[in-house]
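Here is a short tour of some side-chain contacts and helix packing. Keep the viewer open and follow along.

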Amino acid sequence: MQTNPEPQAAPTPRVLQLFNVFGAPTEQTWFDAVCRLNGNGFDVEVRCEERGSLAVGVNIDSEIVDRIHVTPTDDVSGQMQRLADTQPPDVDGALPDLAHGHFGTRVLHAAPYLQRGVSVVISLYGYDASRLLRDRCWVERYRWAAERGAVFVVLADSLRERLIARGLPAAAVRVVRLGVDPEDWRFDPEPQPKPVRFVFVGRLSPKKGVAVLLEALARFPDSGLDVVGDGPLRSTLEELCETLGLQHRVAFHGQLPRTRIDRYLRRATALVAPSVVAPDGDEEGTPVVLMEAQALGALCITTAHAGNPEVLPPGAQDLVVPEHDVAALAGAMQRVAAFDSTERETRQRAGRAWVEKRYALPRMVDELAALYREFID
């Protein structure tokens with residue numbers, strides 16, 4: 001008696017992740033997300049220009065590819081088409097089911113896949129949704145990719161509106177918010193610390209607005225500040241501390257491992273993220289530290305900049321101040337310092353709940369997986 005053969009299971013979709021640096025410590029969230037997607041319904045492969053320290057020992061196929069350099073041109077379409085006509089660097093010769101490029105400049109590496117009918121997703125984070133949009137050529141490169149079916153993923157509603165205003169079709173721009181794993185950031189809030197002490201965590205670059213924070217601190221006697229991070233402005237900021245007479249109230253700790261950051265967040269009166277638009281137009285996306293801080297119970301103060309306000313819950317919008325407004329920032333810092341224990345605890349719990357609802361890593365991974373399946377035939 002002849003029996004019908006068992007139907008074969010559909011092959012697991014292959015998703016190619018395109019990075020400049022795969023496994024950079026500054027991109028922990030995306031590294032974690034890619035690792036979770038691998039084997040969870042997808043076979044993930046990586047093509048990157050270099051590997052970071054997080055990628056050591058990770059069981060994900062990764063290959064190094066050459067950096068693509070482009071110059072301004074009056075013929076962006078022709079430039080992109082020449083890239084599209086090149087052979088994609090696939091080791092085994094088989095095209096992936098979907099390619100996901102991280103940062104807008106990955107449209108250059110994604111072009112050959114679009115040319116061959118592969119679904120493409122491009123994630124934008126900060127400078128690629130701000131400074132690059134001042135460059136006509138990059139705007140046209142984004143449009144070129146969108147016209148050929150690429151979908152752009154941004155971190156906040158405000159960034160989606162910005163891309164649409166630059167001429168990308170609304171259907172080609174989606175929002176998938178970054179996420180942190182709440183289990184990595186144990187909620188164990190501390191009461192109001194004494195003496196009053198704030199914390200900044202991040203790269204010491206123009207868009208972080210640390211100079212504004214130092215000027216605000218100078219208006220708030222008997223308070224201190226821990227600066228966790230390093231960058232090109234460190235010496236300039238240290239000199240500003242001297243000028244403002246803050247050298248005994250501000251401690252620069254340099255860049256620290258992720259496992260050591262939480263001690264400064266837990267004991268702080270609040271995390272302050274005073275982001276501003278940099279002189280060259282560079283902006284934030286949505287700082288992950290705002291999510292991490294709220295997850296473990298720290299209060300946060302930030303500016304009306306890019307997606308920052310969206311990371312704070314509705315009840316904390318009074319702690320969102322205008323960019324560069326020293327008086328408003330100092331006022332918000334003073335308000336937080338004056339919270340009684342009930343107000344502080346209420347806000348701490350609301351911040352944790354907001355992160356669990358909108359900025360949890362499992363939710364981010366689920367939304368990405370759904371997006372992938374939408375475009376994989």
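## Ground rules

A residue counts as buried when its relative accessible area is under 20%. With that cut-off in hand, one more thing to bear in mind is that this model is predicted.

## Aromatic pairs

Let's begin with the rings, where the structure holds 9 aromatic pairs. One of them joins F22 and F31, whose ring centres are 5.4 Å apart; the planes meet at 45°, so this pair is tilted. Both F22 and F31 are buried.

The pair of F42 and Y372 has its ring centres 5.4 Å apart too, but here the planes stand at 90°, so the arrangement is edge-to-face. Which parts of the chain does this pair tie together? F42 belongs to the loop between α1 (28-37) and β2 (43-51), while Y372 is in helix α13 (residues 361-375), so the pair ties together parts that are 330 residues apart in sequence. F42 and Y372 are both buried. Elsewhere, W30, F103, Y125 and Y127 are linked by ring pairs into a cluster.

## Arginines over rings

Two arginines are worth a look for their place over aromatic rings. R141 has its charged end over the ring of W138, 4.5 Å from the ring's centre. R263 lies over the face of Y264, and the distance to the ring centre is 4.8 Å.

## Two buried arginines

Now turn to R106, in the loop between β4 (98-102) and α3. Is R106 buried or exposed? Its relative accessibility is 4%, so R106 counts as buried. Setting aside neighbours within four places in sequence, R106 is in contact with L18, F19, N20, E49, G101 and I122.

R162 sits in helix α5 (residues 157-165). Its relative accessible area is 16%, so R162 is buried as well. Not counting residues up to four places away in sequence, R162 touches A129, S130, L133, E283 and A306.

## Helix packing

How do helices α2 and α3 cross? The axes of α2 (residues 76-84) and α3 (residues 107-115) come within 7 Å, crossing at roughly 70°. The two helices are therefore roughly perpendicular to each other, and their crossing is right-handed. On the α2 side the contact is made by M80, Q81, L83 and A84, and on the α3 side by V107, L108, A111, P112 and Q115.

Helix α6 (residues 210-218) offers another packing example, with V210, V212, L213, L214, A216 and L217 buried. What do the buried residues of α6 pack against? Their partners include four strands by name, β8 (196-201), β9 (223-228), β10 (250-254) and β11 (270-273), along with the helices α7 (234-244) and α11 (326-338).

## E323 and its surroundings

The last stop is E323, found in the loop between β13 (320-321) and α11. E323 is partly exposed, with a relative accessible area of 25%. Leaving aside neighbours within four places in sequence, its contacts are S275, V276, V277, T303, A304 and H305.

E323 also leads back to helix α6 by way of V212, one of the buried residues there. E323 and V212 are 111 residues apart in sequence, yet their C-alpha atoms are 8.7 Å apart in space.

Notes. Residues are numbered from 1 along each chain as its sequence is written. This is a predicted model: local features need pLDDT of at least 70, side-chain atom pairs count only at pLDDT 80 or more; totals for chains, interfaces and linings use all residues. Side-chain values use heavy atoms; hydrogens and water are left out. Rings of Phe, Tyr and Trp (its six-membered ring) pair if their centres lie within 6.5 Å; planes under 30 degrees apart count as stacked, over 60 as edge-to-face and the rest as tilted. Buried means under 20% relative accessible area, exposed over 50%, partly exposed in between (1.4 Å probe, protein chains only). A charge sits over a ring if NZ of Lys or CZ of Arg is within 6 Å of the ring centre and within 35 degrees of the ring normal. Contact means heavy atoms within 4.5 Å. Axes are lines fitted to C-alpha atoms, for helices over the stretch in contact, and angles run from 0 to 180 degrees between N-to-C directions. Angles under 35 degrees count as roughly parallel, over 145 as roughly antiparallel, 65 to 115 as roughly perpendicular and the rest as oblique. A crossing is left-handed if the near helix is turned anticlockwise from the far one by less than a right angle, and right-handed if clockwise.
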